[in-house]
Amino acid sequence: MSLATDPYNLIVCGVGGQGNILIARLIGRILAENGYHLAIGETFGAAQRGGSVFSSLRISKKHAYGPLIPKGGANLIVSLEPLETLRLLSNFGNENVVTLSNTQTAMPVGVLAGRAEYPDVDKLRRAIQELSAKALFTPATDIAVELGAPIVSNIVLLGALLGAKLLPISEEEVKQDMASTFPPSKLELNYQALQRGIETVA
(Lines give C-alpha, C1' and ligand atoms only; values in the text may rest on other atoms or scores of the structure.)
Protein backbone atom coordinates (compact mmCIF):
# COMPACT_ATOMS: atom_id res chain seq x y z
CA MET A 1 0.00 0.00 0.00
CA SER A 2 1.26 3.47 -0.82
CA LEU A 3 0.14 6.97 0.03
CA ALA A 4 -2.64 8.52 -2.03
CA THR A 5 -0.50 11.64 -2.61
CA ASP A 6 3.03 12.78 -1.83
CA PRO A 7 3.36 14.56 0.51
CA TYR A 8 0.43 13.19 2.46
CA ASN A 9 -0.86 15.57 5.12
CA LEU A 10 -2.44 13.98 8.19
CA ILE A 11 -4.00 15.75 11.15
CA VAL A 12 -4.77 13.94 14.41
CA CYS A 13 -6.90 16.06 16.72
CA GLY A 14 -8.99 16.10 19.87
CA VAL A 15 -9.01 17.89 23.20
CA GLY A 16 -6.47 17.75 25.97
CA GLY A 17 -6.32 14.40 27.72
CA GLN A 18 -7.75 12.24 24.92
CA GLY A 19 -4.42 10.79 23.82
CA ASN A 20 -4.30 12.03 20.25
CA ILE A 21 -0.62 12.98 20.53
CA LEU A 22 0.19 9.41 21.57
CA ILE A 23 -1.36 7.92 18.45
CA ALA A 24 0.16 10.61 16.19
CA ARG A 25 3.63 9.78 17.49
CA LEU A 26 2.98 6.04 17.17
CA ILE A 27 1.94 6.46 13.52
CA GLY A 28 4.97 8.67 12.95
CA ARG A 29 7.42 6.15 14.40
CA ILE A 30 6.07 3.32 12.24
CA LEU A 31 6.17 5.37 9.05
CA ALA A 32 9.71 6.57 9.80
CA GLU A 33 10.81 2.97 10.36
CA ASN A 34 9.26 2.11 6.99
CA GLY A 35 11.46 4.64 5.22
CA TYR A 36 9.15 7.63 4.98
CA HIS A 37 10.37 11.16 5.58
CA LEU A 38 8.24 12.54 8.34
CA ALA A 39 7.72 15.87 10.09
CA ILE A 40 5.40 16.25 13.07
CA GLY A 41 4.10 19.53 14.46
CA GLU A 42 2.01 19.73 17.62
CA THR A 43 -0.34 22.45 18.78
CA PHE A 44 -1.35 22.07 22.39
CA GLY A 45 -3.61 25.07 23.09
CA ALA A 46 -5.15 24.88 26.56
CA ALA A 47 -4.52 21.14 26.67
CA GLN A 48 -4.53 20.80 30.43
CA ARG A 49 -8.00 22.33 30.60
CA GLY A 50 -9.58 20.32 27.82
CA GLY A 51 -8.58 22.72 25.09
CA SER A 52 -7.98 21.87 21.45
CA VAL A 53 -4.94 19.75 20.64
CA PHE A 54 -3.76 18.62 17.25
CA SER A 55 -0.76 17.06 15.61
CA SER A 56 0.12 17.60 11.96
CA LEU A 57 2.10 14.94 10.15
CA ARG A 58 3.63 15.52 6.72
CA ILE A 59 4.63 12.23 5.15
CA SER A 60 6.68 11.69 2.00
CA LYS A 61 8.75 9.02 0.29
CA LYS A 62 10.70 11.67 -1.61
CA HIS A 63 12.05 14.21 0.88
CA ALA A 64 11.35 16.00 4.15
CA TYR A 65 8.78 18.78 4.34
CA GLY A 66 8.22 21.36 7.04
CA PRO A 67 5.82 20.23 9.78
CA LEU A 68 3.11 22.83 9.15
CA ILE A 69 0.29 21.78 6.83
CA PRO A 70 -0.76 24.62 4.49
CA LYS A 71 -4.26 26.03 4.91
CA GLY A 72 -6.68 23.83 2.97
CA GLY A 73 -4.01 21.15 2.59
CA ALA A 74 -5.11 18.18 4.73
CA ASN A 75 -5.54 14.77 3.11
CA LEU A 76 -6.85 13.04 6.23
CA ILE A 77 -8.22 14.30 9.56
CA VAL A 78 -8.47 11.76 12.37
CA SER A 79 -10.38 13.16 15.33
CA LEU A 80 -11.28 12.05 18.83
CA GLU A 81 -13.97 14.74 19.06
CA PRO A 82 -16.45 15.65 16.28
CA LEU A 83 -16.49 19.41 16.88
CA GLU A 84 -12.71 19.34 16.56
CA THR A 85 -13.16 17.60 13.20
CA LEU A 86 -15.28 20.51 12.00
CA ARG A 87 -12.90 23.08 13.47
CA LEU A 88 -9.93 21.57 11.64
CA LEU A 89 -11.96 21.21 8.43
CA SER A 90 -12.57 24.96 8.51
CA ASN A 91 -8.83 25.59 8.32
CA PHE A 92 -7.38 22.58 6.53
CA GLY A 93 -10.29 21.03 4.62
CA ASN A 94 -10.67 20.78 0.85
CA GLU A 95 -12.82 18.89 -1.66
CA ASN A 96 -10.71 15.73 -1.38
CA VAL A 97 -10.21 15.49 2.37
CA VAL A 98 -11.17 12.30 4.22
CA THR A 99 -12.24 12.44 7.87
CA LEU A 100 -12.45 9.78 10.57
CA SER A 101 -14.22 10.95 13.72
CA ASN A 102 -15.14 9.58 17.10
CA THR A 103 -18.90 9.97 17.58
CA GLN A 104 -18.63 10.90 21.27
CA THR A 105 -18.55 14.60 22.08
CA ALA A 106 -16.35 16.30 24.66
CA MET A 107 -17.61 19.64 25.86
CA PRO A 108 -15.14 22.50 25.28
CA VAL A 109 -14.17 24.73 28.16
CA GLY A 110 -16.38 27.56 26.87
CA VAL A 111 -19.45 25.28 26.92
CA LEU A 112 -18.67 23.96 30.40
CA ALA A 113 -18.28 27.55 31.59
CA GLY A 114 -21.63 28.52 30.08
CA ARG A 115 -20.13 30.97 27.60
CA ALA A 116 -21.07 28.94 24.51
CA GLU A 117 -23.39 26.17 23.33
CA TYR A 118 -22.32 22.89 21.80
CA PRO A 119 -23.82 22.43 18.30
CA ASP A 120 -26.65 19.99 17.65
CA VAL A 121 -24.91 16.64 17.14
CA ASP A 122 -26.92 15.65 14.04
CA LYS A 123 -26.22 19.02 12.40
CA LEU A 124 -22.57 18.70 13.35
CA ARG A 125 -22.37 15.30 11.70
CA ARG A 126 -24.06 16.56 8.53
CA ALA A 127 -21.67 19.51 8.35
CA ILE A 128 -18.68 17.16 8.59
CA GLN A 129 -20.13 14.97 5.83
CA GLU A 130 -20.78 17.97 3.58
CA LEU A 131 -17.25 19.27 4.00
CA SER A 132 -15.54 15.89 3.49
CA ALA A 133 -15.04 13.84 0.34
CA LYS A 134 -15.49 10.83 2.63
CA ALA A 135 -16.56 11.02 6.28
CA LEU A 136 -16.20 7.98 8.54
CA PHE A 137 -17.53 7.84 12.09
CA THR A 138 -16.78 5.30 14.79
CA PRO A 139 -18.07 5.02 18.38
CA ALA A 140 -14.57 4.86 19.83
CA THR A 141 -15.51 6.07 23.32
CA ASP A 142 -18.55 3.77 23.53
CA ILE A 143 -16.37 0.77 22.65
CA ALA A 144 -13.70 1.82 25.14
CA VAL A 145 -16.34 2.09 27.86
CA GLU A 146 -17.54 -1.43 26.97
CA LEU A 147 -13.96 -2.57 27.49
CA GLY A 148 -14.01 -0.93 30.91
CA ALA A 149 -11.39 1.70 30.08
CA PRO A 150 -12.50 4.97 28.43
CA ILE A 151 -8.82 5.92 28.27
CA VAL A 152 -8.31 3.56 25.30
CA SER A 153 -10.72 5.49 23.05
CA ASN A 154 -7.70 6.72 21.13
CA ILE A 155 -6.55 3.15 20.45
CA VAL A 156 -10.05 2.18 19.24
CA LEU A 157 -9.89 5.12 16.83
CA LEU A 158 -6.43 4.03 15.72
CA GLY A 159 -7.89 0.59 15.03
CA ALA A 160 -10.62 2.18 12.93
CA LEU A 161 -7.91 3.98 10.96
CA LEU A 162 -6.21 0.64 10.30
CA GLY A 163 -9.50 -0.94 9.28
CA ALA A 164 -10.16 1.88 6.83
CA LYS A 165 -6.76 1.21 5.19
CA LEU A 166 -5.97 4.88 4.76
CA LEU A 167 -2.28 4.69 5.74
CA PRO A 168 0.53 2.26 4.82
CA ILE A 169 0.82 0.78 8.31
CA SER A 170 -0.30 -2.65 9.45
CA GLU A 171 -1.94 -4.07 12.55
CA GLU A 172 1.22 -6.07 13.27
CA GLU A 173 3.41 -2.97 13.09
CA VAL A 174 1.12 -1.13 15.51
CA LYS A 175 1.20 -4.05 17.94
CA GLN A 176 5.00 -4.20 17.76
CA ASP A 177 5.22 -0.49 18.56
CA MET A 178 2.77 -0.90 21.43
CA ALA A 179 4.84 -3.76 22.85
CA SER A 180 7.88 -1.51 22.97
CA THR A 181 5.98 1.48 24.37
CA PHE A 182 3.29 0.28 26.78
CA PRO A 183 3.86 -1.65 30.01
CA PRO A 184 3.13 -5.39 29.62
CA SER A 185 0.17 -5.13 31.99
CA LYS A 186 -1.59 -2.74 29.56
CA LEU A 187 -0.94 -4.57 26.32
CA GLU A 188 -3.88 -6.97 26.22
CA LEU A 189 -6.39 -4.17 26.83
CA ASN A 190 -4.85 -2.06 24.09
CA TYR A 191 -4.78 -5.00 21.68
CA GLN A 192 -8.49 -5.56 22.35
CA ALA A 193 -9.21 -1.86 21.77
CA LEU A 194 -7.26 -1.94 18.52
CA GLN A 195 -9.13 -5.00 17.28
CA ARG A 196 -12.53 -3.56 18.17
CA GLY A 197 -11.65 -0.41 16.26
CA ILE A 198 -10.60 -2.39 13.19
CA GLU A 199 -13.90 -4.24 13.25
CA THR A 200 -15.93 -1.01 13.19
CA VAL A 201 -14.88 -0.20 9.63
CA ALA A 202 -13.37 -3.41 8.21
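Partly exposed, as used here, means a relative accessible area between the buried limit of under 20% and the exposed limit of over 50%. By that yardstick Arg 25, at 42% relative accessibility, counts as partly exposed. The model you are looking at is a predicted one. This briefing walks through some of its salt bridges, of which the structure holds five, and then turns to the contact between helices α7 and α8.

**Salt bridge between Glu 42 and Arg 25**

- Glu 42 and Arg 25 form a salt bridge in which the closest N and O atoms are 2.8 Å apart.
- This pair links distant parts of the chain, 17 residues apart: Arg 25 sits in helix α1 (residues 20–33), while Glu 42 belongs to strand β2 (residues 37–43).
- Like its partner, which is partly exposed at 42%, Glu 42 counts as partly exposed, with a relative accessibility of 26%.

**Salt bridge between Arg 29 and Asp 177**

- Helix α1 also supplies Arg 29, whose side chain meets that of Asp 177 in a salt bridge with an N to O distance of 2.6 Å.
- Because Arg 29 lies in helix α1 and Asp 177 in helix α7, this salt bridge ties together parts that are 148 residues apart in sequence.
- The two partners fall into separate accessibility classes: Arg 29 is partly exposed at 33%, whereas Asp 177 counts as buried at 6%.

**Salt bridge within helix α7**

- Staying in helix α7, the side chains of Glu 171 and Lys 175 meet in a salt bridge, with 3.2 Å from N to O.
- Glu 171 and Lys 175 are four residues apart in the helix, so about one helical turn separates them.
- Glu 171 is partly exposed at 28% relative accessibility, and Lys 175 is also partly exposed, at 23%.

**How α7 meets α8**

- Helix α7 covers residues 171–181 and helix α8 residues 184–201; their axes come within 11 Å and cross at roughly 155 degrees.
- Angles over 145 degrees count as roughly antiparallel, so α7 is roughly antiparallel to α8.
- The crossing of these two helices is right-handed.
- On the α7 side, the contact involves Glu 171, Val 174, Lys 175, Met 178 and Ala 179.
- On the α8 side, their counterparts are Leu 187, Asn 190, Tyr 191, Leu 194, Gln 195 and Ile 198.
- Sorted by character, the residues of this contact comprise seven nonpolar, two polar and two charged.
- Glu 171 and Lys 175 appear in this contact with α8 as well as in their salt bridge with each other.

Methods
Residues numbered from 1 in each chain as written. Predicted model: local features only at pLDDT ≥ 70, side-chain atom pairs only at ≥ 80, totals over all residues. Heavy atoms only, no water. Axes fitted to C-alpha atoms, helices over the stretch in contact; angles between N-to-C directions. Parallel < 35°, antiparallel > 145°, perpendicular 65-115°, else oblique. Left-handed = near helix turned anticlockwise from the far one by under 90°. Contact = heavy atoms within 4.5 Å. Nonpolar A, V, L, I, M, F, W, Y, C, P; charged D, E, K, R; others polar. Salt bridge = Lys/Arg side-chain N within 4 Å of Asp/Glu carboxyl O. Buried < 20%, exposed > 50% of the residue type's maximum accessible area, 1.4 Å probe, protein only.
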